[in-house]
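Hi,

Here's the structure I promised to send over. Have a look at it first, and my notes follow underneath.

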Amino acid sequence: MKTQTRCVVIGGGIAGCSTLYHLTQEGWNDVVLVERNELTSGTTWHSAAQVTNFGMNQTMVGLKTHSINLYKELSDDPEYPINYHHGDGGIRLANTEAQMEGYRHFASMARGMDVHFEVIDAAECARRHPLISTENLLGGLWDPLDGDIDPAQLCQALARRARNAGAEVYRNTPVTGLTQRKDHTWTVHTEKGDIDCDVVVNACGYRVNEVGAMMGVHHPVMSMEHQYFLTEEIPAIRDAAHRMPLLRCPISDYYCRQEKNGLLVGFYEQGCRTWGMDGIDPNFVNALCPDDIDRVTDVLEGAFARMPALTEVGIHTVVNGPITYTIDGAPLVGPIPGKRNAFCIIGLRAGLGEGGGHGWLLAQQIVHGEACYDTWPLDPRRFTGHGNVELCALKAVEDYQNEFRFHFPHEHRPAGRPVKTTPLTPVLAAEGAEFTVVNGWERADFFKPTPDFKETHCFHFNEAFSVIAGEVAAVQNSVGLTEVNGFNRYELSGDGVHDFLDRMICGNVPRRSGRVGLGYLLNHHGMIKSEATIANLPGGRVWYGSAAAAEWHDMDWLRKHLTPEDDVQIRSLTNDQTILVVAGPKAREVMQAVSRADWSAAAFPWLSVRECFVGIAPATVISVSFSGELAYEIHVPNNQLYAAYLALRAAGEPHGMTLFGARAIESMRLEKGFLHWKAELLTEFDPFETGLDRFVKMDKPEFIGRKALQARQQNGPRKRLVSLVVDGTDAPAHGGASVMLNDRVVGTVTSGDWGHRVGKNLAYAFVDPALAVPGRKLCIDIIGKITPAHVIDSCPYDPQMTLPRH
């Protein structure tokens, strides 16, 4: 066995085998996989092994397309063919118009990835799958490339190709410990000896946290028992001239696919069960949980009603084995938070179908630092300190119970809430707040006009439209107050702070005390990594502020680039303070009433920061605006947040102060041309493609990504971010929707909402550069309707930015 290698992948299921193979494809041949037993001895061996193109975002669609293409290539390999039923087709059923609209949106989104779904009616569903009943059925989403694959053969084929490229696979080699050395490299301790390596990958399936504990981390992954059975032969299948399509049914919580001349039928019962919360037997290898058919009786009845043929056939085999879930159901593929040279590919609920793509994206991250797609939907750092065992169990149960029910826009399911709150959470709830969730934080979304107000979650503008309009109007005409909790906030200190930030940020860094600036951080490929507000406080301290979701992501990036020569200390204040935002033309009067400081435009101009008191609460106030109105961000320690809130409410009462929420902010930021991290600010695009030219200073001698950005400029942009007005009042353009020119996809929507101050349906989209011209007419596929739209200047509301300066 080797004692030195470039990378050790721990785990021999689909995650580990795919990662190993793709590392060799990216040019790393000196790599090793270690497996405690035999390959595929965990979840992989009993997988239902369905391979679909369906995904909730374009990244997921892209990685699944890669899986399908790779598996087809493997199955056609004359030297080592594998069993892959490619292109049987599959249907996701629906019995409500809201579900059908969701399918139309996903079809629009997938088209941008050159994946073509078809939305079909109930009669066509039955024609394509003659075993189903159309009772209580509206239609479904047809995936022509749906299929299934042999799990063991797939993993062996990937391992074989990896070996042929120089990789080595060590079976029956349990890992006993992990040691990270001072230079951030690793020693992997096994029962057969130690292996020194540069990089380690946790691909350990349901044993993920056994290996996680060896490096001092906990991964938010939970296992669920999952049952399916194999039927005896069904004559209609035996006598059919084609294989039956796969079926996924959110109506009755089951799926099925053809297995020989019978069916494999799997269940997502409401009375589901977690597995392994208190530890896993070391001898649980190629093993299953005890059968429990009684637990799925309710689901089985629905399956019988949908497929009467099931009532006439016996059960051949029952399989009940563990599968893994994360807090939001999506995998964790990427860097392990807080660790260097450590990655994971875990929580693969649908591992076989997606595993080829997951290993592909992870190998790119390991070798090149980034993947071809923005991988934030899979990033392990999207969950922070709240991702504990108990929360993960609650969310895994909820997700299991809703396996085939996608989230509608603005839908936040109730399990495990609230996780993160501030002293104001119950106060705002009493004021009628409807909450959204941002990195676990309960943040006010909008304020209900009556206690019994409910919005319908759908892809259209709904009952909340007029409520949000009222909140925006209050901010525009008088003054509003909102809480922005969880905002990512680091305090940097030391003599080298500004030089360090100047190296990290591609534009100018404010250095004068009391001044604030906006900066963009690039990766080594010249693409956008992060957005940060830089505020210079007294005493040489600097605040770095970024999106709430970026808490662990940005800390990793900053610490990774600190050198021993840098006199810089970084301290997180994210969970210690909360922002109150006062916005509107009367904001200055409110601030003057709660603080002895001079709040005139001359004394405290736009893009200034000061420390003061708001009432009796100490505060750090920044003159910035995400709404486009005169506004102040008031950063307050959480233990005095309520005191500051009461002072501001009292000062705002003479001006008719109104509370507003995140939905109003979203509307207003679209009117201003302001961008969201991981909506418009993506690692797939550089700052010039994203319209951030004014924030880039190519004459700086050094910043991360400068050389790559120079090289990219030689080739010109691939896409341009534009603002659009949509010629419709019924529905917004949702993220992922395809932008069309005639019948050709020319771009993808990143955000969309109604701009209440300008009275227009607005959207952002990346489009072909030649089309990024104001006045250019295009169309957007909005839930199946080809809707006219046209390009406009990026800031339709107060384009001269006079209001925040006033």
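Residues 368–421 are 26% helix and 0% strand, with the C-alpha atoms at the two ends 38 Å apart. Bear in mind that this is a predicted model. In UniProt, an unreviewed entry labels that stretch "domain: FAD dependent oxidoreductase central".

The other annotated stretch I looked at is residues 426–700, which the unreviewed UniProt entry gives as "domain: GCVT N-terminal". Here the make-up is 25% helix and 28% strand, and the end C-alpha atoms are 48 Å from each other.

Now for the charged pairs. The structure has 58 salt bridges, and I picked out a few for you.

Let's begin with arginine 381 and aspartate 379, whose side chains form a salt bridge with an N to O distance of 2.8 Å. Are these two buried or exposed? Arginine 381 has 7% relative accessibility, so it counts as buried. Aspartate 379 is at 4%, so it counts as buried too. Both numbers fall under the 20% cut-off for that label.

Next, arginine 238 pairs with glutamate 233, and their closest N and O atoms are 3.0 Å apart. Arginine 238 comes out as partly exposed because its relative accessibility is 41%, and glutamate 233 gets that label at 42%.

Then there's arginine 511 with aspartate 499, a salt bridge at 3.2 Å from N to O. This pair links distant parts of the chain, with the partners 12 residues apart: aspartate 499 belongs to helix α13 (497–504), while arginine 511 lies in the loop between α13 and β25 (516–522). Arginine 511 is partly exposed, with 47% relative accessibility.

If you'd like something beyond simple pairs, which residues should you pull up for a network of salt bridges? Try Glu73, Asp77, Glu79, Arg160 and Arg161, which are linked in one. As a general reminder, side chains of opposite charge can pair when their charged atoms come close.

One last residue, away from the charges: serine 723. You'll find serine 723 in strand β34, which covers residues 720–726. With a relative accessible area of 6%, serine 723 is buried. So what is serine 723 in contact with, leaving aside its neighbours within four places in sequence? The list is Ala763 and Tyr764, plus the run His790, Val791, Ile792, Asp793 and Ser794.

That's what I have for now. Shout if you want to go through any of it together.

Cheers

Conventions:
Residues numbered from 1 in each chain as written. Predicted model: local features only at pLDDT ≥ 70, side-chain atom pairs only at ≥ 80, totals over all residues. Heavy atoms only, no water. UniProt positions renumbered as here; feature names shortened; annotations may be inferred. Helix = DSSP H or I, 4+ residues; strand = E, 2+ residues; numbered from the N terminus. Salt bridge = Lys/Arg side-chain N within 4 Å of Asp/Glu carboxyl O. Buried < 20%, exposed > 50% of the residue type's maximum accessible area, 1.4 Å probe, protein only. Contact = heavy atoms within 4.5 Å.
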